[in-house]
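The following questions and answers introduce one structure to a new reader. Each answer sets a value beside the definition that gives it meaning.

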Amino acid sequence: MLLIPWFIGMALFRVYPIIASFVNSLYQFQPIRGTREFIGFDNYVRIVGGSRNAYGDWVWNFPHFWDSVSATLTYVLLGTPLVLIMAFFVAFILNFKLKGVNLFRTAYYIPSILGGNVAVAIVWSQVFGGDGPVNAILSIFGVDPISWTRDEFFAPFTLIFLSAWQFGSVMLIFLAALQNVSPTLYEAASIDGAKKTRQLFSITLPLVTPVLLFNTVNVLLRHFQEFNAAYLITLRGPNRATDFLVILIYEYAFRRMQFGFALAMSMMLLLIIGLLTLIVFITSKYWVHYSD
Amino acid sequence: MRRITKMQVNAIIRYSILTIVGFILIYPLIWMIGSSFKHNIDIFGNLSILPPAGRWTFEHFPNAWQLTSRNTMIFYYMNTLRFLIPQVVGQVISCTLAAYAIGRFEFPGKKIVFTVVMVTLLMPELAFRIPIFMLYRDLGLLDTFASLYIQNFFAVNSFFVFMIIQFMRTIPRELDEAAEIDGCGPLKTLIYILVPVLRPIIITVGLLTFMWGMNDFQGPLIFLRSPDNRVLSLALRMILQDYEVTHFGQMFAAAFMALIPTLAIFFACSRYFVEGVTQSGGKE
């Protein structure tokens, strides 16, 4: 009885959209006439297919898709480890009986809360702007100003730094896990003569691996979803360097009203996310340590 | 004696690292605040937070308050609240109900339902928004605030449902059973027995919903069209495009004012945020 609203919600807003996505990805939409026409898997062929041209060179049907895949994966695969390492490092330092831990905890968490706000995007684009503070610091070290938002190489890093800036929530989860590690384990280890670094790798790390798995999947998904920053700060990026899949999908769905094509790309995105998550889960058997 | 000094050195190193990291993290925000009091020519090319002595200006704030040529900031705040308040109310009620039902009762197919929920958790919001957009278009719901909050009334956000379930596990079932013996139905048990205990986590859910809604830009961008329905995040995006040329101080003042409610709520309730996130990581 109590579950009825939840069931309706799940059916209407979660299950139905997935089915509707797949079904509609088999159609071609005519935005002006407002009609659609069944074309089978043609949208998918247009996305992932290619052919040889007159010179025998391979040409993709829709190279933008592959540009976006590469931009997305660059961002995801560089951003995720950076956030995880930073979060663990800071949590590790915070996890000692220090006065004022609560103050630091709160301060580090602020960026996570403000996160995707458009106001933050505004600030970020200026902090990394031509004459902004970042370049001002670099100039002290004699580095020439970098065009952080307009340069093909640096634009992804501007967004990765913004993501790393929001490491607070991940850090708090690590911290909670670290505080759960029983102090008797450390005492036993130091009696056995284990050094501090040895303790870190033999006790602390194995015991937080379940939480590391949780955080990895979480951060991975957050990076795949990143929309605001790329849309607002780097404006899809020079030479499509930050034209993430979500942005490309948004463009085709809501700007060009080509829902079928956009949905086919969205299914491809789900496939990529699914595969990557699956890899994380399968390999987790080898690196996640479950006590008892 | 030597041991103590070594610990002190250690503590000093830790505090220094923490302070430096903290300063770097907060710097963009205080730079933003400082810059909204600077003349445009004083903003760039230096690292200083405060305006140069005697060169403070307060003119950016009234200008930024008139956010667009059509409306002031208060108009966009009110529009944001028009979808945000229903979002928070809907989310809190529906997620608590769903968590109670899932956490406390057995029903056939529970495993399957769980699997479905886990899978939907892996999917990006945008993947759902396209078909929902098409559905709302057919129902004539586009460009209404309802299009942004309807789903919050159906406990669609499994993340929050799990968060409440996790918290509920710490409440002994004997409490429910005692209430039942005293003649409370399930709904009464929930309202009079569990909700008071669940209060902190419910507040966390409400606060996080509020923050996410405040930050949401993609949703309004997709579902809202007319200028009358423009919310704060959309209006801010317009100034990002328009001001880029010269009005930097004004832009920072607008960004600062847009963040004030979020920051105020965060500082007033930071305990709930920190504990909520810690909870979501879960022990298992």
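Q: What does the secondary structure of chain B come to, and how are its helices and strands defined?
A: Chain B has 13 helices and zero strands. Helices (H or I, at least four residues) and strands (E, at least two) are DSSP runs, numbered from the N terminus. The elements of chain B therefore run α-α-α-α-α-α-α-α-α-α-α-α-α from that end.

Q: What kind of model is this, and how are its parts labelled?
A: This is a predicted model, in which local features need pLDDT of at least 70 and side-chain atom pairs count only at pLDDT 80 or more, while totals for chains, interfaces and linings use all residues. Residues are numbered from 1 along each chain as its sequence is written, and chains are lettered from A and ligands numbered from 1 in the order in which they are written.

Q: Where in chain B is confidence lowest, and where is it highest?
A: On pLDDT, the predictor's confidence in each residue from 0 to 100, chain B averages 87, and 95% of the residues score at least 70. The lowest mean, 78, belongs to helix α5 (residues 110–121) of chain B, and the highest, 95, to helix α11 (residues 218–223) of chain B. For the complex, the predictor gives an ipTM of 0.89 and a pTM of 0.91.

Q: How does the radius of gyration of chain B stand against the globule rule?
A: The rule is 2.2 Å times the number of residues to the power 0.38, with the radius taken over C-alpha atoms. A compact globule of 284 residues would have a radius near 19 Å, but chain B has 24 Å.

Q: Why is α13(A) called roughly antiparallel to α6(B)?
A: The axes of helix α13 (residues 259–287) of chain A and helix α6 (residues 125–139) of chain B cross at roughly 150° and come within 9 Å. Angles under 35 degrees count as roughly parallel, over 145 as roughly antiparallel, 65 to 115 as roughly perpendicular and the rest as oblique. The pair is therefore roughly antiparallel.

Q: What makes up the contact of α13(A) with α6(B), by residue class?
A: Among the residues that meet are A:Phe259 and A:Leu263 in α13(A) and B:Ile130 and B:Met134 in α6(B). The contact divides into eight nonpolar, one polar and no charged, where Ala, Val, Leu, Ile, Met, Phe, Trp, Tyr, Cys and Pro count as nonpolar, Asp, Glu, Lys and Arg as charged, and the others, Gly among them, as polar.

Q: How many residues does the contact take from chain A and from chain B?
A: Chain A gives 70 residues and chain B gives 62 residues, contact being defined by C-beta atoms, placed from the backbone, within 7 Å.

Methods: Contact = placed C-beta atoms within 7 Å. Axes fitted to C-alpha atoms, helices over the stretch in contact; angles between N-to-C directions.
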